[in-house]
Amino acid sequence: MDLKSAAGSKIVILGAGGFLGLALARHASTIGHEVVCVSRSYQWQTNLLKSGVKCIEAQICDVHQYLSAITCGSSIVYMAGTTDLAKAEQDGIQSIAAHLQDLAVLLQDLADAKIHIHRFVLISSGGTVYGECSEEGANELTTPLKPKSFYGLRNVFIEQTAKMLCARAKYPLCILRLANPYGIEQLEVRRKGLILSLFSSALTGTPAVLRGEGLQKRDYIYIEDVIKYILSTIAEPFPVEYDVVNVCTGVSTSALELVRAIEFIAAKKVNVSCAVGQPAYEVASSVLERGKMSHAFDPSPLDACLGLLWKLLDSI
């Protein structure tokens with residue numbers, strides 16, 4: 001995939017205030033994209049990005065505050081909303097309704113303004129929309145969506161709403177169901193994720209608690225691979241009305257297996273304890289099938305990326 005072929009085009013990242021938004025803005029601007037970030041708040045320091053990145057503080061529903069930044073031919077990467085499952089449980093149905101309203105208002109205002117969108121990329125959650133997965137893995141075409149959490153349910157409803165409204169506006173839509181991204185940018189935001197927490201434990205002895213007795217399985221994908229795939233959906237031809245893709249490695253790893261891998265790479269002990277059980281809304285086993293992604297993209301193996309991440313952390 002030639003990601004520089006579309007360099008110079010504008011990418012508007014909605015909900016850019018967290019880990020993924022930071023990584024995408026940084027990488028896209030580095031290879032020549034004009035980048036606009038929109039978020040109600042930013043966990044990272046916006047002045048650390050290239051001067052060509054414009055950061056706007058606004059609620060997604062207040063489209064008038066950033067509509068002028070979305071010009072014809074722009075691509076939108078939509079990742080608005082908290083990724084905190086516990087908070088989504090607290091807000092429940094009210095949170096789902098608010099997120100659907102935000103998306104609907106945005107797409108209606110874009111249509112009313114007659115702004116042609118090159119690509120609308122919706123970031124969804126492969127780890128939650130399918131619910132519990134078999135060892136064969138969940139695929140985009142035949143696996144039913146059975147979310148266990150309000151966060152997963154919210155993503156299912158947002159996917160369906162985006163399909164309907166993008167079809168009306170004739171916006172090419174790509175839905176990316178991400179596995180569990182990890183990377184060095186997590187140091188700059190509030191939630192570090194399991195892998196960074198385990199590395200921190202190896203470095204400082206800070207205790208880490210593994211839920212589900214350490215047996216929870218997740219598909220961990222390096223953030224650079226995620227960003228490259230997001231940008232590939234913008235750079236390459238897109239002949240269909242919409243598409244849904246699992247962005248994953250196709251390999252799931254338990255928390256205890258992660259601990260052993262990190263101890264081997266760091267040559268240090270990780271201070272962990274295992275908690276019995278897990279919240280009812282958490283998935284015990286998330287196993288994703290690469291499916292459509294396998295034809296165009298080969299993600300980096302976990303061990304190699306953990307080794308690279310350790311070198312970066314050890315040099316700080």
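**Note on serine 149 and the overall fold**

1. Serine 149 is found in the loop that runs between helix 3 (126-129) and helix 4 (150-169). The reader should keep in mind that this is a predicted model, and the points below are to be taken in that light.

2. Is serine 149 buried or exposed? Its relative accessibility is 5%, and because buried means under 20% relative accessible area, serine 149 counts as buried.

3. As to the surroundings of this residue, a polar atom of the serine 149 side chain lies 2.9 Å from the backbone nitrogen of glycine 152. When neighbours within four places in sequence are left aside, the residues in contact with serine 149 are Leu85, Glu89, Thr128 and Tyr281.

4. Turning to the chain, its secondary structure consists of eight helices and 13 strands. The radius of gyration is 19 Å, which is close to the 20 Å given by the globule rule for 316 residues, and the chain is therefore as compact as a globular protein of that length. Taken along the principal axes, the box filled by the C-alpha atoms is roughly 55 × 40 × 40 Å.

5. On packing, 53% of the 316 residues count as buried, and among the contacts in the chain with a separation of 6 or more, 81% are between residues 24 or more positions apart.

6. On the surface, the chain exposes about 14,100 Å², of which carbon and sulfur atoms supply 53%. As for charge, the chain has 29 positive and 31 negative charges, and the mean positions of these two sets are 3 Å apart.

Definitions and conventions:
Residues are numbered from 1 along each chain as its sequence is written. This is a predicted model: local features need pLDDT of at least 70, side-chain atom pairs count only at pLDDT 80 or more; totals for chains, interfaces and linings use all residues. Side-chain values use heavy atoms; hydrogens and water are left out. Helices (H or I, at least four residues) and strands (E, at least two) are DSSP runs, numbered from the N terminus. The radius of gyration is taken over C-alpha atoms; the globule rule is 2.2 Å times the number of residues to the power 0.38. Buried means under 20% relative accessible area, exposed over 50%, partly exposed in between (1.4 Å probe, protein chains only). Contact means heavy atoms within 4.5 Å. Accessible areas come from the Shrake-Rupley method with a 1.4 Å probe; for residues, only the protein chains shown count as cover. Lys and Arg count as positive and Asp and Glu as negative; His and the chain ends are not counted. The place of a charge is taken as NZ of Lys, CZ of Arg, CG of Asp or CD of Glu. A polar contact is a pair of N or O atoms within 3.5 Å; within protein, one must be able to donate a hydrogen and the other to accept it, and residues adjacent in sequence count only if both atoms are side-chain atoms.
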